[in-house]
Amino acid sequence: PSDKRTFGYQRAEIVAAAFNALVLLGLCAFIIVRSLERLMAPPEVAPNIMIIFGIIALIGNGCALLLLQSGQKESLNVHGAFLEVLSDMLGAAAVIVAAVIIMFTGWHQADAIASLAIGFLIIPRTFKLLRDSFDVLLEATPRHIDLAEVRKHILEIPGVSDAHDLHAWLITSGVPVLSAHVVVADPTERNILHKLQDCLREHFDVEHSTFQ
């Protein structure tokens with residue numbers, strides 16, 4: 001953090017995740033277009049080489065997925081990397097299946113159909129990543145926070161008579177922020193602020209809150 005960037009570069013993670021999603025969408029579009037071209041004019045492929053490299057890629061990407069599995073639930077950026085590795089792993093599996101089909105039947109269109117399947121499998125997950133990234137950049141309310149419930153909890157604190165201008169957003173993955181205007185019966189009551197902050201921390205996992 002600095003005076004110019006009080007939250008540091010935490011949101012750089014979200015920018016990277018959005019960029020990741022756009023790259024994945026572009027990659028899916030390229031795969032689908034090339035697959036359609038190859039479906040109409042299938043080239044000759046060497047199934048033996050396809051199987052060898054498919055197995056190597058499957059093992060490598062499988063190890064990478066295991067490493068990224070836990071972190072992808074906590075970070076949009078890691079989730080983006082997880083999706084890229086998943087697409088590679090699905091691609092490797094599809095290559096092996098297509099190679100086996102070509103080897104035993106001579107049906108070369110199997111290669112293009114496998115590629116099409118990969119593209120259509122990755123697109124929905126990529127759109128979700130893009131949507132989640134844009135939600136953070138547009139400072140939408142985090143999905144795990146129900147503002148109606150937050151308001152209800154605030155009003156249940158003794159000494160609080162009203163709450164308005166309630167805002168919640170994410171700085172980056174796992175860093176929610178909340179601000180609100182709260183009307184209190186006794187402005188000299190100092191414990192109310194601590195009670196408000198403790199309430200948000202315990203019930204909504206919000207560590208950084210600002211009350212006026």
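In this predicted model, Asp132 is buried, with a relative accessibility of 10%. Its carboxylate is nevertheless engaged by two arginine side chains: Asp132 forms a salt bridge with Arg131 at 3.4 Å, N to O, and a salt bridge with Arg143 at 2.9 Å, N to O. Asp132 belongs to helix H4, whereas Arg143 sits in the loop between H4 and helix H5 (147–156), so this pair ties together parts that are eleven residues apart in sequence.

The two arginines are covered to differing degrees. Arg131 is partly exposed, at a relative accessible area of 42%, while Arg143 reaches 56% relative accessibility and therefore counts as exposed, the cut-off being over 50%. Side chains of opposite charge can pair when their charged atoms come close.

Arg143 also forms a salt bridge with Asp135, where the closest N and O atoms are 3.0 Å apart. Asp135 is partly exposed, with 24% relative accessibility. Through shared partners, salt bridges join Asp132, Asp135, Arg131, Arg143 and Lys128 into one network. The count of salt bridges in the model comes to nine.

Helix H4, which spans residues 109–137, also contains Phe134. The side chain of Phe134 contributes to a nonpolar surface patch of about 390 Å², made together with Val15, Leu137 and Leu138. Phe134 has a relative accessible area of 41% and is therefore classed as partly exposed; this value satisfies the requirement of over 30% for residues that make up a patch.

Technical notes. Residues are numbered from 1 along each chain as its sequence is written. This is a predicted model: local features need pLDDT of at least 70, side-chain atom pairs count only at pLDDT 80 or more; totals for chains, interfaces and linings use all residues. Side-chain values use heavy atoms; hydrogens and water are left out. Patches are made of residues with over 30% relative accessible area and no salt bridge: like charges are joined within 9 Å, nonpolar side chains (Val, Leu, Ile, Met, Phe, Trp, Tyr) within 5 Å. Accessible areas come from the Shrake-Rupley method with a 1.4 Å probe; for residues, only the protein chains shown count as cover. A salt bridge is a side-chain nitrogen of Lys or Arg within 4 Å of a carboxyl oxygen of Asp or Glu. Helices (H or I, at least four residues) and strands (E, at least two) are DSSP runs, numbered from the N terminus. Buried means under 20% relative accessible area, exposed over 50%, partly exposed in between (1.4 Å probe, protein chains only).
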